[in-house]
Amino acid sequence: MGVFARLGDLLKANINDIIDKAEDPEKMVKQIIADMQKELTRATQNYGKAKASERLAETKYKEAVSVSSNWENKARAALARGEQDLAKEALSRKVKADEEVASYKEMFDSISTQTDAIGDQVELLKAKLEEAKSRQAMLIARAQMADTKKQLAQSQGNFDGKGAFEKLTRMEEKVQQKEAEADAFTEIAGVQQDDLQQQFAQIENDAKVDAELQRLIAEMNGNAAPEEITPEAAPVDNASPDAE
């Protein structure tokens with residue numbers, strides 16, 4: 001396939017057509033760029049050869065012009081000396097030189113035209129290659145994005161949402177069970193701690209009651225020492241009927 005056909009695929013065809021034609025659009029685009037680069041290198045080499053041929057034809061043409069001019073000058077010099085026959089001989093040589101001038105002129109013009117055409121193709125190819133390179137990243141990015149969207153769609157299609165949510169529900173139930181067990185152990189530990197605290201509180205309260213009892217007995221027995229006072233020794237406020 002020629003380079004301009006490749007250019008047509010790359011620069012004129014719809015991107016979807018390119019993707020449809022290639023199993024890997026990224027590789028295809030890179031291959032097109034590589035082919036264009038090779039074609040540009042080959043065209044540049046041919047252009048260099050054409051320019052060399054053009055310079056050679058120009059040199060031959062200028063040499064023929066110089067030869068023709070020299071024979072004309074010699075003819076003039078012969079005529080100036082009155083040597084007409086010698087002048088005719090010089091002019092005969094000039095006529096042959098003029099024929100070569102015309103031949104080389106035609107060849108030079110033809111080669112120049114072809115060289116210019118090749119040069120125009122090289123410049124066009126350079127411009128197309130630069131355009132292709134600038135679009136390469138965009139085309140590859142779009143192809144990669146399409147692949148990503150396709151993979152995501154396939155992943156969603158293969159995803160068993162119901163089964164996954166059932167697993168999540170079971171895991172949630174297990175977590176709730178563990179939380180309930182933790183709360184139960186915490187509650188039990190708290191009850192045990194409360195019982196112990198209540199026992200110490202009861203001991204402290206009993207001690208306070210005993211202290212208050214001893215204080216009261218002491219006051220009722222006339223401030224006697226608490227250890228000497230007994231409940232039986234407490235004074236009786238009401239007198240007996242016999243006393244009256």
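This report covers the fold, the nonpolar core and a few side-chain contacts of one protein chain.

**Overall build**

The model is predicted. The protein chain has five helices and zero strands. Along the sequence the pattern reads α-α-α-α-α. The chain holds 244 residues, and 19% of them count as buried. About 18,500 Å² of the protein chain is exposed. Carbon and sulfur atoms supply 52% of that area. Contacts in the chain often span long stretches of sequence: among those between residues at least 6 apart, 71% join residues at least 24 apart.

**The nonpolar core**

Which residues make up the largest nonpolar core? It has 12 residues in all: M28, V29, I32, I33, M36, L40, A43, V122, L125, L129, A132 and L139. Helices α3 and α4 each supply at least two of them. The largest share, seven residues, comes from α3.

T41 also lies in helix α3. T41 counts as partly exposed because its relative accessibility is 36%, and buried means under 20% while exposed means over 50%. In space, T41 and K126 are 9.9 Å apart, C-alpha to C-alpha. In sequence, 85 residues separate T41 and K126.

**The aromatic pair**

A search of the whole structure finds one aromatic pair. The partners are Y61 and F108, with ring centres 6.3 Å apart. Why is the pair of Y61 and F108 called stacked? Their planes stand at 0°, and planes under 30 degrees apart count as stacked. The centre distance also passes, because the limit for a pair is 6.5 Å.

Y61 lies in helix α3, residues 25–80. F108 lies in helix α4, residues 84–158. The pair therefore ties together parts that are 47 residues apart in sequence.

Is each ring's residue buried or partly exposed? F108 counts as buried, at 16% relative accessibility. Y61 counts as partly exposed, at 22%. The cut-off for buried is under 20%, so the two residues fall on opposite sides of it.

F108 has further partners. Not counting residues up to four places away in sequence, F108 touches E54, A57 and E58. The C-alpha atoms of F108 and E58 are separated by 5.7 Å. Along the chain, F108 and E58 are 50 residues apart.

**Lysines K94 and K74**

K94 is found in helix α4. Is K94 buried or exposed? K94 is buried, because its relative accessible area is 15% and the cut-off is under 20%. The side chain of K94 makes a polar contact with the side chain of D98, at 2.7 Å. Leaving aside neighbours within four places in sequence, K94 is in contact with S68, W71 and E72.

W71 links this site to another lysine. The charged end of K74 sits over the ring of W71. The distance from that charged end to the ring centre is 4.5 Å. W71 is thus named twice here: as a contact of K94, and as the ring under K74.

**Accessibility at a glance**

The table gathers the residues discussed above.

| Residue | Relative accessibility | Class |
|---|---|---|
| K94 | 15% | buried |
| F108 | 16% | buried |
| Y61 | 22% | partly exposed |
| T41 | 36% | partly exposed |

Terms used. Residues are numbered from 1 along each chain as its sequence is written. This is a predicted model: local features need pLDDT of at least 70, side-chain atom pairs count only at pLDDT 80 or more; totals for chains, interfaces and linings use all residues. Side-chain values use heavy atoms; hydrogens and water are left out. Rings of Phe, Tyr and Trp (its six-membered ring) pair if their centres lie within 6.5 Å; planes under 30 degrees apart count as stacked, over 60 as edge-to-face and the rest as tilted. Helices (H or I, at least four residues) and strands (E, at least two) are DSSP runs, numbered from the N terminus. Buried means under 20% relative accessible area, exposed over 50%, partly exposed in between (1.4 Å probe, protein chains only). A charge sits over a ring if NZ of Lys or CZ of Arg is within 6 Å of the ring centre and within 35 degrees of the ring normal. A nonpolar core is a set of buried Ala, Val, Leu, Ile, Met, Phe, Trp, Tyr and Cys residues joined through side-chain atoms within 4.5 Å. Contact means heavy atoms within 4.5 Å. Accessible areas come from the Shrake-Rupley method with a 1.4 Å probe; for residues, only the protein chains shown count as cover. A polar contact is a pair of N or O atoms within 3.5 Å; within protein, one must be able to donate a hydrogen and the other to accept it, and residues adjacent in sequence count only if both atoms are side-chain atoms.
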